[in-house]
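Open the model in a viewer and keep the selection tool at hand. The tour below goes from one selection to the next and says what is found at each.

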Amino acid sequence: MTTASRTVHVLIEGRVQGVGFRAWVDLTARGLGLDGWVRNRRDGGVEAVFSGAPASTGDMLARCYS
């Protein structure tokens, strides 16, 4: 039996939550059991890829945009 997996590519632009946002994204995603990466962009935004259970990726997306 194969478990469902979802991968999303996220660009968070505009006013990012301040210093430490990238670290918060990394810690939160790992806490939800997601794999992937996150980085600060030169334009001031944050870019990330999350991969894991569909419910967890959805939860992470909601947390990023709230």
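The stops that follow are three single residues and one cavity, in a model that is predicted.

**Stop 1: Glu47**

Select Glu47, which sits in strand β3, residues 46-52. Is Glu47 buried or exposed? Its relative accessible area is 7%, and the cut-off for buried is under 20%, so Glu47 counts as buried.

Now show the side chains of His9 and Arg39. The side chain of Glu47 makes a polar contact with the side chain of His9 at 2.7 Å. With the side chain of Arg39, the side chain of Glu47 makes a polar contact at 2.6 Å.

To see the surroundings, extend the selection to the residues that Glu47 touches, leaving out those up to four places away in sequence: His9, Val10, Leu11, Trp37, Val38, Arg39 and Arg41. The two polar partners, His9 and Arg39, are thus displayed along with the rest of the contact list.

**Stop 2: Phe21**

Move to Phe21, which belongs to helix α1, residues 21-31. The relative accessibility of Phe21 is 7%, so this residue counts as buried.

Add Asn40 to the selection and draw a C-alpha to C-alpha distance. Phe21 and Asn40 are 19 residues apart in sequence, and the distance in space is 9.0 Å.

**Stop 3: Thr57**

Next, select Thr57 in helix α2, which covers residues 54-64. Thr57 has a relative accessible area of 0% and is therefore buried.

Which residues is Thr57 in contact with, once neighbours within four places in sequence are left aside? They are Arg6, Leu34, Phe50, Ser51 and Gly52. Keep Leu34 and Phe50 from this list on display, since both also appear in the lining at the next stop.

**Stop 4: the cavity**

Finish with a cavity view of the whole structure. A search finds one cavity of 30 Å³ or more, and the volume of the largest cavity is about 60 Å³.

Select its lining: Asp26, Ala29, Arg30, Leu34, Asp35, Gly36, Trp37, Val38, Val49 and Phe50. The elements giving two or more residues to this lining are α1, β2 (35-40) and β3. The largest share, four residues, comes from β2.

Colour the lining by residue class: six of its residues are nonpolar, one is polar and three are charged. Trp37 and Val38 are among the lining residues, and both are also touched by Glu47, the residue selected at the start.

How values were computed
Residues are numbered from 1 along each chain as its sequence is written. This is a predicted model: local features need pLDDT of at least 70, side-chain atom pairs count only at pLDDT 80 or more; totals for chains, interfaces and linings use all residues. Side-chain values use heavy atoms; hydrogens and water are left out. Buried means under 20% relative accessible area, exposed over 50%, partly exposed in between (1.4 Å probe, protein chains only). A polar contact is a pair of N or O atoms within 3.5 Å; within protein, one must be able to donate a hydrogen and the other to accept it, and residues adjacent in sequence count only if both atoms are side-chain atoms. Contact means heavy atoms within 4.5 Å. On a 1 Å grid over the protein atoms alone, a cavity is a set of points where a 1.4 Å probe fits but cannot get out, and a pocket is an open set with protein on both sides within 12 Å along at least five of seven lines; lining residues have an atom within 4 Å of a point. Grid points are joined across faces, edges and corners, and a volume is the space filled by probe spheres set on the points. Ala, Val, Leu, Ile, Met, Phe, Trp, Tyr, Cys and Pro count as nonpolar, Asp, Glu, Lys and Arg as charged, and the others, Gly among them, as polar.
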